[in-house]
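Notebook open, coffee poured. Today I am looking up one helix and one strand, and here is the model I have on screen.

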Amino acid sequence: MLTAALELGVTALDTAAPYLGFRSHTVLAETAADLLPKFTLSTKVGFFPGTEGAEHSLDPGRLRVAIQKAARELGREPDTVLLHNPERSLAGLSPAKGHTLLGGACAALADAAHDGLCRDWGVASWDPRLLSVVQADGVPSPDVLMVRAGFLVGIDLLDATAVLRDVWKVGETWGMSPFGGGHGNMWEEFDPRPFLRTHQGDLSRIQAAFRTAFHLPSAAAVAVGTDNPGHLAQLVQALGAEVDTAAVSQYLRALHSHRQN
């Protein structure tokens, strides 16, 4: 799979500490072997093994140790380290307490990047609305903001992402989960190909959904998971299509109008 990815021009891997039962870094290093240096690598920290499964923490010391552990397990420093779903520890806190907790966690990752434990740092949020509530201004600005992307993302989440990007002046936005964790019947009922300017007849609905996800919100990269080289090739092919940005803008206006009504 990794060899096929390289042949297709895919040179970025994204993982996280808790994947595969907290074995993702070790398994990736063993599996990728000499291929791993050919990829840029991002990972996420914030979840830790607990007595009842994974527990979440924004403690700066634990995050620092987690980043160091990731480098040891991978056999290299990750290019980017992302704070994994910080909203999990912010829920239920006052905006002031949340602001302090988030600020300390972001400072820990910023310090790790400054000390050479990674090149860049960022925040990966499944639900960025809470990050806006705790007033992200004044918190260290991440290099990367990773959020859900695509047609299955509600307008509230898209608006929260826009707020964070403006407050933080984020260098890059990355998308994730453009298919919502599975195709289901969604793409049988909804055809996103009219959102493309070209190649509408040549691409599948899944390909069109993936390509348009780069504009919902606008993103420099979109992470997907697959164990099928053929599926990955289809997604790479979709990148050649041009998105009708006017249609995307009209779609967003319709979502805002529907919410107001």
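How many bridges join β5 to β6? I find five, and the two strands run parallel. Strands count as paired if DSSP finds at least two bridges between them; helices (H or I, at least four residues) and strands (E, at least two) are DSSP runs, numbered from the N terminus.

Ground rules, for my own sake. This is a predicted model, where local features need pLDDT of at least 70 and side-chain atom pairs count only at pLDDT 80 or more, while totals for chains, interfaces and linings use all residues. Residues are numbered from 1 along each chain as its sequence is written, and side-chain values use heavy atoms, with hydrogens and water left out.

**Strand β6**

I looked up the partner of leucine 82 and found glycine 122 in β6. On to β7 (residues 144-148): four bridges join β6 to β7, again parallel, and serine 125 stands opposite valine 147. Five of the six residues of β6 (residues 120-125) are buried, meaning under 20% relative accessible area (1.4 Å probe, protein chains only).

**Helix α4**

Next I checked the length of α4 (residues 60-74). Its 15 residues should span 21 Å at 1.5 Å a residue (times one less than the number of residues), and the end C-alpha atoms are 21 Å apart, which agrees.

I list Leu63, Ala66, Ile67, Ala70, Ala71 and Leu74 as its buried residues. They fall within an arc of 135° (directions from the helix axis to the C-beta atoms), so they line one face of α4.

Last, I noted that glycine 75, just after α4, takes a positive phi of about 80°.

Terms used: Buried means under 20% relative accessible area, exposed over 50%, partly exposed in between (1.4 Å probe, protein chains only).
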